[in-house]
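Student: Could we go through this one together, slowly? I would like to start with the aromatic rings.
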Amino acid sequence: WQKIFMIPLWSKMAVFWNKMFLTIIVLLIVLFLDAIREVRKYSSVHVNERAANVNTNTFDHIQMKLFRSQRNLYLSGFSLFLWLVLRRTVTLLTQLAKGMTSHAALETQVNDATEAARKYMAENERLQEALSEKESSKKKESAEATDEKLKKEVEHLKAELRKTSDALNKANNEVTAVKKQSEGLKREYDHLMKEYEWLQ
């Protein structure tokens, strides 16, 4: 879905998506209300004609129109409901795709930062070994200056490591939030389906 929604055609259609959605919703609502009106109209005519005992051709013609109006009512009602469900599904899929993209970007950033921290730690160990070898040959003052540099570098590396771990925790928290949101949306969709079944 993520690859499908990244197609440039979708970004061009997204500008008109809300207008198109509202136009189709209004059209479906008008068709649904018209179908309700037709069903009421022919249901009342049906009762009156049966009471008046009109000939069978007229009765069959009224039955046919009643059937058509009921068919239109069901078709427009289901279309309206399914269009709303489709809109909600597309919205959820878009949000999920964006969440997955941001999660992947954060994950690569964390991996890069971890690699950099490992590299700095390895360099720090090499520098400490070199310092221990040169320490016997150099004066105490030069050893202290090198030691200061190493301490600063170690502090810098520790700060980098803290930033990396913070970024990893942030990425995990965002993934958990996206999962919770998708579960909530799923429960909402199930609730809507139950209400729809109850209404039927």
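Student: How many aromatic pairs does the count come to?
Tutor: The count comes to 4 aromatic pairs, where rings of Phe, Tyr and Trp (its six-membered ring) pair if their centres lie within 6.5 Å, and planes under 30 degrees apart count as stacked, over 60 as edge-to-face and the rest as tilted. One of them joins F21 and W83, whose ring centres are 6.2 Å apart with the planes at 15°, so this pair is stacked. The pair links distant parts of the chain, since F21 sits in helix α2 and W83 in helix α3 (residues 56-135), 62 residues apart. Before we go on, please keep in mind that this is a predicted model, in which local features need pLDDT of at least 70 and side-chain atom pairs count only at pLDDT 80 or more, while totals for chains, interfaces and linings use all residues. Residues are numbered from 1 along each chain as its sequence is written, and side-chain values use heavy atoms, with hydrogens and water left out.
Student: Is F21 buried or exposed?
Tutor: F21 is buried, because its relative accessible area is 9%, and buried means under 20%, exposed over 50% and partly exposed in between, with a 1.4 Å probe and protein chains only. W83 is buried as well, with a relative accessible area of 18%.
Student: And which helices do F81 and Y196 lie in?
Tutor: Let me give the ring geometry before the helices: the centres of the F81 and Y196 rings are 3.9 Å apart and their planes are at 10°, so the pair is stacked. F81 lies in helix α3 and Y196 in helix α4 (residues 140-199), so the pair ties together parts that are 115 residues apart in sequence. F81 counts as buried at 17% relative accessibility, and Y196 counts as buried at 18%.
Student: Back to F21, which residues form one aromatic cluster with it?
Tutor: The cluster is formed by W17, F21 and W83. In addition, the charged end of R87 sits over the ring of F21, 4.5 Å from its centre, where the rule asks for NZ of Lys or CZ of Arg within 6 Å of the ring centre and within 35 degrees of the ring normal.
Student: Okay, stepping back, how many helices and strands are there?
Tutor: The chain has 4 helices and 0 strands, and from the N terminus on its elements run α-α-α-α. Here helices (H or I, at least four residues) and strands (E, at least two) are DSSP runs, numbered from the N terminus. Of the 200 residues in the chain, buried residues make up 18%.
Student: What does UniProt list as "transmembrane region"?
Tutor: The unreviewed UniProt entry lists residues 16-36 and 73-90 under that name, although such annotations may be inferred rather than shown by experiment. In the model, residues 16-36 are 100% helix and 0% strand, with the end C-alpha atoms 30 Å apart. Residues 73-90 are also 100% helix and 0% strand, and their end C-alpha atoms lie 26 Å apart.
Student: One last topic: where is L168, and how far is it from N111 in space?
Tutor: L168 lies in helix α4, and at 38% relative accessibility it counts as partly exposed. From C-alpha to C-alpha, L168 and N111 are 8.8 Å apart in space, while in sequence they are 57 residues apart.
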